[in-house]
Amino acid sequence: GDPHFTTWKKEHFDFQGECDLVLIDNTSFKDGTGMTVHGRTKLHGTWSSFSGAAVKIGDDVLEIHGSDPAILNGKQFQVPDVEYGTEYAYPKSVGGYSLTVQLAGPHTRRHIIHFGNGEKMFINNFKDFVDFEVESPRAAEFAGSVGLLGSYNTGTKLARDGKTVIDDADEVVVVLADRRE
């Protein structure tokens with residue numbers, strides 16, 4: 001849940017603030033279906049954490065907000081009681097990709113979108129904290145991605161205008177953040 005970031009090109013930076021962030025935006029994902037991943041940070045005095053994440057693939061939206069039940073396309077989905085460590089398959093997919101959840105402990109859930117070929121997206125939560133990661137991303141799926149994680153193809157960090165290059169990783173958050181009012 002800590003707002004520590006690693007870009008596609010393995011550059012690390014931190015952000016201690018409160019805002020909505022565009023982590024990935026890829027209009028060409030899955031032959032034009034599109035993918036957008038947003039994260040929401042929340043202040044806790046002098047530090048902040050991720051309090052929520054939303055993944056949109058095509059018309060499907062998965063939202064994870066701390067310890068609340070997952071929301072899939074506007075409807076809450078309570079995970080049934082399953083044994084810790086067991087993966088439960090959701091009855092619906094996200095953008096055509098299977099979705100599972102693993103209960104790792106009494107307050108810990110791991111939502112997994114399975115892209116195939118070893119590629120997975122994890123949205124994890126522990127109590128009110130949320131984190132996000134992509135495992136084994138391949139250019140076939142993620143080429144063209146931009147956002148806070150940088151350009152998948154080049155590692156370049158661009159401002160919202162799509163042209164201004166930002167060299168300082170700490171500056172990229174300020175330029176890309178959607179400030180909440």
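Colleague: Before we get to β6 and β7, what makes two strands a pair?

Modeller: Two strands pair if DSSP finds at least two bridges between them. In this predicted model, β6 and strand β7 (residues 70–72) have 2 bridges and run antiparallel, so they count as paired. E63 stands opposite I71 in β7.

Colleague: What links β6 to β7 along the chain?

Modeller: A hairpin with 4 residues between the two strands, and G66 in that turn has a positive phi of about 50°. On its other hairpin, β6 is joined to β5 with 2 residues between them, where G58 has a positive phi of about 65°.

Colleague: How do you know that strand β5 and β6 pair?

Modeller: DSSP needs at least two bridges, and β5 (residues 47–57) and β6 share 6, in the antiparallel sense. Therefore they pair. A53 stands opposite I64 in β6. I64 also belongs to the covered face of β6, along with D60 and L62, while V61, E63 and H65 make up the uncovered one.

Colleague: How confident is the predictor about β6?

Modeller: Confidence in the protein is highest there, at a mean of 95, and lowest in helix α3 (residues 169–176), at 56. The mean pLDDT of the protein is 85, with 90% of its residues at 70 or more.

Colleague: What makes β3 and β8 edge strands?

Modeller: The sheet is open, with 6 strands in the order β3-β4-β5-β6-β7-β8 and antiparallel pairing. β3 and β8 (75–77) each have a single partner strand, so one side of each has no neighbour in the sheet. On average, neighbouring strands here are turned by 20° against each other, direction ignored. The partner of β3 is strand β4 (residues 35–44), joined to β3 by 6 antiparallel bridges; L21 stands opposite G39 there.

Colleague: Why is D20 called buried?

Modeller: The cut-off is under 20% relative accessible area. D20 comes in at 17%, so D20 counts as buried. This residue lies in strand β3 (residues 20–26).

Colleague: And why is the link between D20 and R40 called a polar contact?

Modeller: The limit is 3.5 Å between N or O atoms, and the side chains of D20 and R40 are joined at 2.6 Å.

Colleague: Why is the F29 and F115 pair called edge-to-face?

Modeller: Ring centres must lie within 6.5 Å, and planes over 60 degrees apart count as edge-to-face. Here the centres are 5.7 Å apart and the planes stand at 70°, so the label fits. F29 sits in helix α1 (residues 29–32) and F115 in strand β11 (residues 108–116), so the pair ties together parts that are 86 residues apart in sequence. F29 is buried, at 0% relative accessible area, and F115 is buried too, at 8%.

Colleague: Which rings are linked with those two into a cluster?

Modeller: Ring pairs bring W8, Y97, F142 and Y152 together with F29 and F115.

Colleague: How do you know that K30 sits over the ring of Y97?

Modeller: NZ of a Lys has to be within 6 Å of the ring centre and within 35 degrees of the ring normal. The charged end of K30 sits over the Y97 ring, 4.7 Å from its centre. R110 lies over the face of F122, at 4.0 Å from the ring centre.

Colleague: What is the strand order in the sheet of 5 strands?

Modeller: β9-β10-β11-β12-β13, an open sheet with antiparallel pairing. β9 (87–89) and β13 (129–135) are the edge strands, each pairing on one side only. Strand β10 (residues 98–105) and β11 are paired over 7 bridges, in the antiparallel sense, and S98 stands opposite H114 in β11.

Notes
Residues are numbered from 1 along each chain as its sequence is written. This is a predicted model: local features need pLDDT of at least 70, side-chain atom pairs count only at pLDDT 80 or more; totals for chains, interfaces and linings use all residues. Side-chain values use heavy atoms; hydrogens and water are left out. Buried means under 20% relative accessible area, exposed over 50%, partly exposed in between (1.4 Å probe, protein chains only). A polar contact is a pair of N or O atoms within 3.5 Å; within protein, one must be able to donate a hydrogen and the other to accept it, and residues adjacent in sequence count only if both atoms are side-chain atoms. Axes are lines fitted to C-alpha atoms, for helices over the stretch in contact, and angles run from 0 to 180 degrees between N-to-C directions. Rings of Phe, Tyr and Trp (its six-membered ring) pair if their centres lie within 6.5 Å; planes under 30 degrees apart count as stacked, over 60 as edge-to-face and the rest as tilted. pLDDT is the predictor's confidence in each residue, from 0 to 100.
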